[in-house]
Amino acid sequence: MDKARDTLLEWGDWIWSGLRQLYACPASALGTTIFLLFLLLALFGPLIAPYEANQQIVEDARQPPSPKHWFGTDHLGRDVFSRVVLGARDVLSLAGLGTLAAVAAGTIIGLISGYQGGWLDEVIMRFFDSLLALPALLLALLLLGSLGGSRNSVLAVIVIVYAPIVARVVRSVVLSVKTKSFVEAARVQGEAFWYILLREIFPSTLPALAVEASLRFSYAIFLVASLGFLGIGVQPPSPDWGLMVKEGRANVTQTPWALYFPAGAIALVVIGVNLISDSLKQILQVPSQLERR
Amino acid sequence: MAQDAILEIEDLTVGYQQGGVFRDAARHVSLALPPGQTCGLVGESGSGKTTLALAVMQYLPQEGRVRQGHIRFDGRDMTALSRDEMRAIWGAQMALVPQEPQSSLNPSIPLGEQVAEILRRHNGLDGKKAKTRVLELFETVRLGDPERVARSYPHQISGGMLQRVSVAMALSTEPRLLLLDEPTSSLDVTTQAAMLDLFRELIKARDTSMLYITHNLGVVAQISDRVAVMYAGELVENAPTVDLYRQPLHPYTRGLLDCIPKLGENKRNVQLRPIRDRIPPLDDLPEGCVFRPRCPLAIDVCYEYPPLYAAGEGHHTRCHRWEEIAAGEIDARQPAPESAHTASPSGKAPPVLSMEDVHVHFTEERSLIDLLRGKKKTEVKAVAGVTLNIPRGRTVGLVGESGSGKTTLARAIVGLAERTAGEIVLRNLALPPGLRKRTSDMLCCLQIIFQDPEEALNPYLSVGETLRRPVMRLRGESREEAERIVANLLESVHLSADYAARLPGQLSGGEKQRVALARAFAPNPDLIIADEPVSSLDVSVQASILNLFDELRAQREIGTLFISHDLAVVGYLADVVAVIYLGQLMEVTPADAIFDPPHHPYTEALLSSVPLIDPEGEQMQLRLEGDVPSPSEDVSGCPFHTRCPRFLGDICVEEVPPWREDQATGKRYFCHISREDLLAEQKRAFRFSESRNHTRI
């Protein structure tokens with residue numbers, strides 16, 4: 001029981017010190033604030049949004065922003081503010097889960113491929129090269145064409161598009177670490193394959209991995225939105241930002257706000273996450289380098 | 001004299017700005033260098049010697065600044081010169097030979113052109129004249145086949161040749177002052193000896209002055225007229241070379257000299273005395289004399305900052321008690337280490353490891369283009385037939401230059417590199433080539449210590465975790481028991497138990513190597529392979545690690561294979577010495593016999609190349625021509641015949657030499673020349689002078 005509390009406290013400390021470091025520089029402070037704001041929207045959206053996502057208020061259709069409808073209403077009379085707020089959960093969870101899965105898959109593949117080397121590495125890497133040769137969106141279109149548009153297939157697409165990129169980053173770190181003496185010392189002491197991979201090598205990939213994961217997350221948000229916009233991702237009437245941009249575009253002359261606000265939300269989240277990613281590079285350094293400063 | 005000096009440094013303080021505060025990396029340094037003389041600047045890392053050189057060159061980085069004092073070059077105050085004025089001095093009158101020629105030469109321009117560019121710019125030569133001049137310069141630095149070198153790119157020639165090119169580059173404008181920053185530290189001893197010859201010759205011919213920076217006390221003894229010793233940013237002693245080595249008047253200089261084994265010394269008759277503690281960080285300097293906390297002679301007066309006392313003709317020391325030291329009233333040596341007498345018992349011991357004709361051949365990977373062209377696989381014979389025994393509880397030293405295959409042999413023994421032929425037997429267990437087939441019994445018995453302490457420990461695991469693991473896994477101990485053993489291990493490497501909680505980033509280089517030693521000793525092995533365990537450490541740390549290593553080995557009766565490029569260190573520590581060249585053993589000899597003839601000609605060349613830590617010592621001038629052949633080439637007959645100074649003729653090229661034995665000493669060597677013939681031609685390769693400094697216990 002005590003132990004669980006200790007771990008929890010340790011985690012608390014860890015998050016707290018992480019936040020403190022993020023707030024140390026103005027750019028990452030801004031990024032973190034933006035991201036935390038959207039995280040709050042995703043978590044407590046239904047409590048914040050004044051209306052239901054698909055609630056049509058016919059008499060208020062095509063209203064510009066006003067105290068009653070902060071972001072105005074769209075051509076069907078839906079409250080844009082409520083839809084943007086409620087859409088945050090979808091976008092963030094889809095992109096978040098997808099990124100997590102892609103990072104997990106990419107890490108495992110990158111670790112094995114890099115450490116094992118030889119023909120296995122060669123086969124995996126050449127296969128990834130051929131995947132990466134296609135533009136991400138094109139690949140996504142191809143895959144969704146065969147999988148059909150749904151939440152799960154968007155998830156699968158994120159994993160397939162981003163796992164190879166993560167794998168490459170991890171592999172390059174593994175290649176530089178696996179010849180170091182501490183790894184060889186572990187081998188000489190007869191450590192098992194998985195122990196060496198996870199305990200000796202994996203920690204060294206963490207800084208690069210964290211930066212890459214945050215970057216992938218922002219691209220995943222972008223990808224989810226793009227797929228929605230193209231009409232092959234999440235299907236209407238869900239309050240997906242990409243979908244809203246698509247519908248807003250059709251009515252841009254009458255209700256431009258229905259286009260600008262969801263588009264702005266996408267841009268804001270992506271910028272916020274990118275700002276965090278930039279400063280992660282500086283914050284996450286090898287402990288030894290930190291100590292010397 | 002000060003008027004004549006080409007370089008005069010006066011009360012110089014150089015600081016680096018860090019977070020708004022200046023940290024002074026060099027403080028109150030005064031130094032004068034007369035024309036045509038060489039001044040050696042010695043010190044360990046962090047002593048400020050490179051800062052001093054950068055300040056002289058006006059190459060200080062943005063955050064660095066001369067805070068006080070003057071640097072006069074040829075009577076002009078350098079600190080007052082503008083960048084434009086400096087440009088006329090850089091290269092033309094003052095040149096720097098850097099430590100790593102690989103990183104200071106442009107990889108994409110042919111070497112000849114890189115030197116010609118300087119000639120065209122500084123000396124105003126036209127293209128054609130510059131080219132001929134380049135060839136002349138390459139000839140001066142004794143580069144064989146200058147035309148080919150001039151056409152080559154840096155990656156196409158060896159490190160020794162590159163260093164010659166960068167010397168030629170520095171000389172091209174006939175500068176009056178040459179700053180050399182560890183120019184031979186990355187080279188093999190045989191190449192180093194040839195470079196030192198070259199420097200000596202060049203000064204004599206051109207009256208150039210040199211400031212020679214190094215950590216190697218042997219090199220300084222051999223090359224310089226005077227020596228300046230730096231410690232923690234201060235110049236602690238400055239004297240004519242002969243005087244300094246005869247009688248150092250600062251306890252730090254004394255300490256440095258007692259840290260390093262000299263050629264011919266053995267642990268049986270000499271004990272290394274490490275300097276206690278470590279160099280203070282710049283932001284926490286001790287009050288008074290900067291060496292006080294480590295000094296065996298520190299008394300109350302040492303809490304006052306010592307002036308630079310003039311102790312004799314050109315002999316300066318920053319020690320309050322120099323007169324007592326000079327009179328021999330007090331002993332400036334560090335206290336002798338407490339460790340028990342570690343000499344191995346005499347007599348035969350059964351082998352703990354025996355190697356029989358071990359080969360390690362690598363096949364180089366072919367690129368796709370090579371494959372399409374049908375190029376054959378090239379085979380590199382890193383180890384080509386080594387037969388050697390390591391007796392129980394004894395130390396076998398393995399000496400060789402870079403590329404000799406010594407590290408590959410070590411890796412083949414522990415299984416990190418797979419041998420391609422031959423047998424290795426550990427006690428009574430035949431070791432399979434690869435690690436995967438080895439049982440934990442075998443792994444437990446055989447451990448390795450690596451060269452670079454910075455890489456030896458996982459930066460993310462605490463010291464405790466690193467040490468606990470082998471104890472629990474290979475010895476099968478419970479966690480509580482393992483914690484206790486780890487505490488004992490830490491104690492045995494003289495670290496306190498609270499180090500278990502630290503991360504490697506919080507340790508110094510020497511402490512990391514101690515932990516690495518503890519890890520290797522953790523599974524109670526019978527055999528330890530030490531691959532250059534001290535060569536990346538400072539000398540004062542080196543001594544304590546060597547002592548510790550030998551103490552642990554003796555306590556536990558562990559056989560060791562001690563690999564090093566340093567003949568003095570190997571001769572000091574080992575019971576048996578094996579000399580390796582191009583993957584083959586040249587000589588295997590009891591350690592006390594290695595310094596006396598008959599020698600294998602290669603050993604002889606090594607012995608006459610090691611810079612003696614004694615400016616008055618005598619040494620043979622035997623130099624090897626050319627470079628070590630690439631291990632992918634097939635050398636017929638004797639592998640050493642391409643460079644052998646005692647080359648006999650066709651027999652050496654065509655026939656593999658026999659192993660001959662010197663009955664009197666038990667020395668065995670691999671050569672066509674008989675014992676009698678060698679004895680008739682060879683003398684002892686070196687002899688120390690008889691001054692009091694060189695006798696010690």
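Reader: Leaving aside its neighbours within four places in sequence, which residues is A:Ser277 in contact with?

Author: Contact means heavy atoms within 4.5 Å. In this predicted model, A:Ser277 touches A:Val211, A:Ser214 and A:Leu215 in that sense. Residues are numbered from 1 along each chain as its sequence is written, and chains are lettered from A and ligands numbered from 1 in the order in which they are written. Local features need pLDDT of at least 70 and side-chain atom pairs 80 or more, while totals for chains, interfaces and linings use all residues; side-chain values use heavy atoms, without hydrogens and water.

Reader: Where is A:Ser277 found, and is A:Ser277 buried or exposed?

Author: Helix 10 of chain A, residues 257-283, holds A:Ser277. Helices (H or I, at least four residues) and strands (E, at least two) are DSSP runs, numbered from the N terminus. A:Ser277 has a relative accessible area of 1%, so it counts as buried (under 20%; exposed is over 50%, partly exposed in between; 1.4 Å probe, protein chains only).

Reader: How many residues of helix 11 of chain B are buried, and what covers them?

Author: Helix 11 of chain B spans residues 251-259, and 9 of its 9 residues are buried. Among them are B:Tyr252, B:Arg254 and B:Asp258. The cover includes helix 9 (217-223), helix 10 (241-246), helix 12 (322-327) and helix 20 (539-556) of chain B. Strand 9 (226-231) and strand 10 (234-240) of chain B also contribute to this cover.

Reader: How many aromatic pairs are there over all chains?

Author: A pair of aromatic rings is described by the distance of the centres and the angle of the planes. Rings of Phe, Tyr and Trp (its six-membered ring) pair with centres within 6.5 Å; planes under 30 degrees apart are stacked, over 60 edge-to-face, the rest tilted. The count over all chains is 21. One of these pairs is A:Phe71 with A:Phe81, edge-to-face at 5.0 Å centre to centre and 85° between the planes. A:Phe71 lies in the loop between helix 2 (26-48) and helix 3 (80-116) of chain A, and A:Phe81 in helix 3 of chain A, so the pair ties together parts 10 residues apart in sequence. A:Phe81 is buried, with a relative accessible area of 13%. In chain B, the rings of B:Tyr581 and B:Tyr602 are tilted, because their planes stand at 55°, with centres 4.7 Å apart. Both B:Tyr581 and B:Tyr602 are buried.

Reader: What lies over the face of A:Tyr195?

Author: A charge sits over a ring if NZ of Lys or CZ of Arg is within 6 Å of the ring centre and within 35 degrees of the ring normal. B:Arg469 is over A:Tyr195, 3.7 Å from the ring centre. Within chain B, the charged end of B:Arg684 sits over the ring of B:Phe686, 4.6 Å from its centre.

Reader: What is the order of the open sheet of 4 strands in chain B?

Author: Two strands pair if DSSP finds at least two bridges between them. The order is 14-13-16-17, with antiparallel pairing. Strand 14 (379-391) and strand 17 (429-430) of chain B are at the edges with a single partner strand each, so one side of each has no neighbour in the sheet. Strand 13 (residues 351-363) and strand 14 of chain B are joined by 10 bridges. B:Val358 has B:Val386 of strand 14 as its bridge partner.

Reader: Where in chain B does pLDDT stay under 50?

Author: pLDDT is the predictor's confidence in each residue, from 0 to 100. It stays under 50 over residues 692-697 of chain B. Where pLDDT is low, the predicted coordinates should not be read in detail. Chain B averages 88, and 97% of its residues score at least 70.
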